[in-house]
Amino acid sequence: MNNILLYVGIDDTDSSSGMCTTYITCVIISKLKDCGFNITGHPRLIRLNPFARFKTRGNGATSFKLELKSLKEAEEVKKIVLENVQELSVLEDERTNPGVVFYNNKITPELQEFSLKAIRNIVSIEDAENLLNKVGADFYKFKNGRGIIGALAAISCPLNDKTYELLAYRISENYGKPRQINHESVREMDKHTYPKTFDNLDEGYIAIEPHTPCPVLYGIRSENPEILMKAKSIVKVTEQVERYCVYLTNQHTDMHLQKVANIENMEKFQCYIVEGVVKDKPHVIEGGHLIFTLKDESGEIECAAYEPTKRFRDFVRELEPEDILRVYGGVGEGINKKGTLNIEKFELLELAIPLRLLNPICDCGKRMKSAGAGKGYKCPICGAKIRDGKKERIEISRNIEKGFYETPPSARRHLSKPIIRKK
């Protein structure tokens, strides 16, 4: 009898009290291995649409696959998975609505398209349930079962581009306590592994360390799973590591972004790559957020570099009207119907040549002042007057060049592709 390839997808087990899907999946995989089951390849961590209205903290779903010898083994696997999801999920949290999917057939283009839709658009529980029934998958819903969306997406996501993340987990007694990570060892790890690992540091900020009460002690990201093991050996901690797991992911791939021909076609709660012209000088609003308008022949949209993006706002502040940009980001709620484009990064394609109009200079060397509407100019020093003087056009030097500019690691979305990965 041929072996059975069984895919298992899990999602929506995160809770505000600190539990996370990756930890539950890592525990389940350990228990399955202890029972003698063969897990093939790396488990997956797939991030979904960061602008979905109903989502967990990182909006991530997980999956893994097993080679089984019989349908009886498949039933044993299902029992272990479901028991642990029920036991470890914080079901009393109203935002925790787990879903588990078991699938033992080919990954079809229709399934892949569903996954991409969940990453780039909005998918309903009914959409997922209808497709699961159509392809003959087994699925289980806890409470409203919203997790079946991510569970199916994690199984079927096409990974033409991919990264890896090593997640180390704490013992439960330490949840909510300050993490005991030697920060100097993180800097040493970055020195020896960057850019094969990335987003480890952000100036004085240790970016591998979460700041939530979840089970994760730290997470290291790379394009190479072998480098992750080297990185782990360098990072020093003074608390017990319960377990760790290396996930294959779509993180930092820009998979959530869709190229759009014009601004008019952009919709709320979706993520885009769009080209346009800066309409107005960026300005600061309450909260320290920086706002400007991007326009094209079809319309315009408000763009924002929010306060948490810190020094990224310095680059945005240098933009001038008529600069041509390619902007990467997602459309969230805004002050108008169109919403606001949250900038993840931008490419400055062409710089406008901003000009400043200055009053003429007097023969005495002092710049003149207006003598009043229609009255020409008057020198404030010698009193000389001219009626037909023309303003002087001065080209303003720019403190920004053509190229890419991105948010720092501390403010970067899970899916946003850092510039270092473009090389």
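Start at the N-terminal end of helix α6, where Asn-182 acts as the cap: in this predicted model, one of its side-chain oxygens sits 3.0 Å from the backbone nitrogen of Glu-184. The helix itself runs over residues 183-193, and its buried residues are Ser-185, Val-186, Met-189, Asp-190 and Thr-193. Look down the axis of α6 and those buried residues fall within an arc of 145°, so they line one face of the helix. That fits a general point about helices: an α-helix has 3.6 residues a turn, so residues three or four places apart point the same way.

What does the buried side of α6 pack against? Its buried residues meet the strands β7 (197-198), β8 (201-202), β9 (205-206) and β10 (216-222), plus helix α7 (225-234).

Met-189 is a good residue to follow from here. Leaving out residues up to four places away in sequence, Met-189 touches Tyr-194, Thr-197, Asn-200, Ile-208, Ile-220, Ala-231, Ile-234 and Val-235. It also belongs to the largest nonpolar core, a set of 47 residues. Met-189 is listed there with the residues that have the most contacts inside the core, alongside Val-101, Phe-114, Ile-208, Tyr-218, Ile-220 and Val-235. Which helix gives the most to this core? That would be α5 (residues 147-156), with seven residues. Apart from this core lies another one, of 36 residues, including Cys-20, Val-27, Val-100 and Leu-167.

Now hop over to Asn-250, in the loop between β11 (241-249) and β12 (257-259). Is this loop residue buried or exposed? Asn-250 is buried, with a relative accessible area of 0%. Setting aside neighbours within four places in sequence, Asn-250 is in contact with Leu-45, Ile-46, Arg-47, Ile-119, Leu-159, Met-255 and Leu-415. With Arg-47 there is a polar link to look for: the Asn-250 side chain reaches the backbone nitrogen of Arg-47 at 2.8 Å. Ile-39, for its part, is 211 residues from Asn-250 in sequence and 20 Å away in space, C-alpha to C-alpha.

Last stop is an open sheet of three strands, in the order β20-β21-β22, with antiparallel pairing. At its edges stand β20 (369-370) and β22 (385-386), each with a single partner strand, so one side of each is left without a neighbour in the sheet. Between β20 and β21 (residues 377-378), the antiparallel pairing runs over two bridges. To find one by eye, go to Ser-370, whose bridge partner in β21 is Tyr-377.

Key. Residues numbered from 1 in each chain as written. Predicted model: local features only at pLDDT ≥ 70, side-chain atom pairs only at ≥ 80, totals over all residues. Heavy atoms only, no water. Helix = DSSP H or I, 4+ residues; strand = E, 2+ residues; numbered from the N terminus. Buried < 20%, exposed > 50% of the residue type's maximum accessible area, 1.4 Å probe, protein only. Contact = heavy atoms within 4.5 Å. Polar contact = N/O pair within 3.5 Å; in protein donor to acceptor, adjacent residues only side chain to side chain. Pairing = 2+ DSSP bridges. Core = buried A, V, L, I, M, F, W, Y, C linked by side-chain atoms within 4.5 Å. Arc of directions from axis to C-beta.
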